[in-house]
Amino acid sequence: MRGIHPPILGDRGLHAALAALAGDSPLTVEIHGDPAARYPAAVESAAYFVVAEGLTNAAKHAGATACIVSTGTTGTTVTVTVTDDGRGGADPAGSGLDGLRRRVEALDGELTVTSPPGGPTVLRAEFPCAS
């Protein structure tokens, strides 16, 4: 499955694809998670786009200089979190975040956005995933 996501995602997994995104970002980005972890292709793809949108929004709209991206599992849930050091105030109902929410919900997941004025903004996507 290659679709519109980068080949590295299918070939080497989510962690490698996120490291490539981080390398292309104008922000300082830390990636936390198990580099060897693999998840269902649909989950990896949706998680990749959550991070890509989060990094783009942080750079373009939040005035952020750094982000931390974390991936992991708890039981049968895969969680991806993007935390930036920007000014906050993101609109969870904005078109970009709404599109992400629909992508996550299509996999029976949940996207939460916490973005108080003054920051930070935290995007958290949780995906059910049989182990």
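Helices here are DSSP runs of H or I with at least four residues, strands are runs of E with at least two, and both are numbered from the N terminus. With that in hand, take Arg102 and Asp98: both lie in helix H4 (residues 95–105), four residues apart, which is about one turn of the helix. An α-helix has 3.6 residues a turn, so residues three or four places apart point the same way. The two side chains meet in a salt bridge, N to O at 2.5 Å.

A word on the ground rules. This is a predicted model, where local features need pLDDT of at least 70 and side-chain atom pairs count only at pLDDT 80 or more, while totals for chains, interfaces and linings use all residues. Residues are numbered from 1 along each chain as its sequence is written, and side-chain values use heavy atoms, with hydrogens and water left out.

**Salt bridges**

Side chains of opposite charge can pair when their charged atoms come close. The cut-off used here is a side-chain nitrogen of Lys or Arg within 4 Å of a carboxyl oxygen of Asp or Glu. That rule gives three salt bridges:

| Pair | N to O distance |
|---|---|
| Arg38 and Glu44 | 3.1 Å |
| Arg102 and Asp98 | 2.5 Å |
| Arg124 and Glu126 | 3.0 Å |

How do these residues sit relative to the surface? Buried means under 20% relative accessible area, exposed means over 50%, and partly exposed is in between (1.4 Å probe, protein chains only). Arg38 is partly exposed at 43%, but its partner Glu44 is buried at 2%. In the helical pair, Arg102 comes out as exposed at 51%, with Asp98 partly exposed at 29%. For the remaining pair, Arg124 has 34% and Glu126 has 27%, and each counts as partly exposed.

Then there's Arg101, also in helix H4. Which side chain of opposite charge is nearest to Arg101? It's Glu105, at 4.3 Å, and Arg101 is buried yet has no salt bridge. For charges, Lys and Arg count as positive and Asp and Glu as negative, with His and the chain ends not counted. Contact means heavy atoms within 4.5 Å; leaving out residues up to four places away in sequence, Arg101 touches Pro92, Leu111 and Val113.

**The nonpolar core**

A nonpolar core is a set of buried Ala, Val, Leu, Ile, Met, Phe, Trp, Tyr and Cys residues joined through side-chain atoms within 4.5 Å. The largest one has 36 residues, and Leu14, Tyr48, Val51 and Phe127 have the most contacts inside it. At least two residues each come from helix H2 (14–24), helix H3 (41–60), strand S2 (66–74), strand S3 (77–84), H4, strand S4 (110–114) and strand S5 (122–128). H3 gives the largest share, ten residues.

Two of those hubs are worth a closer look. Tyr48, once neighbours within four places in sequence are set aside, contacts Pro6, Leu9, Leu14, Ala17, Leu18 and Leu21. Val51 is in helix H3 and is buried, at 0% relative accessibility. With the same kind of neighbours left aside, Val51 contacts Leu18, Leu21, Val69, Val80 and Val82.

On H2, the buried residues are Leu14, His15, Ala16, Ala17, Leu18, Leu21 and Ala22. They pack against helix H1 (7–12), strand S1 (28–32), H3, S2 and S3.

**Strands and turns**

Two strands count as paired if DSSP finds at least two bridges between them. S1 and S2 run parallel over five bridges, with Ile31 standing opposite Val69 in S2. S1, H3 and S2 together form a left-handed β-α-β unit; a crossover is right-handed if, with the strands pointing away from the viewer, the path from the first strand over the helix to the second runs clockwise.

S2 and S3 pair the antiparallel way, over eight bridges, and Thr74 has Thr77 in S3 as its bridge partner. Their hairpin has two residues between the strands, and Gly75 there takes a positive phi near 60°.

Two backbone oddities remain. Asp108 has a positive phi of about 60° although it is not a glycine; this residue is in the loop between H4 and S4 and is exposed at 66%. Further along, a cis peptide bond joins Gly119 and Pro120, with omega at about -5°, and Pro120 lies in the loop between S4 and S5.
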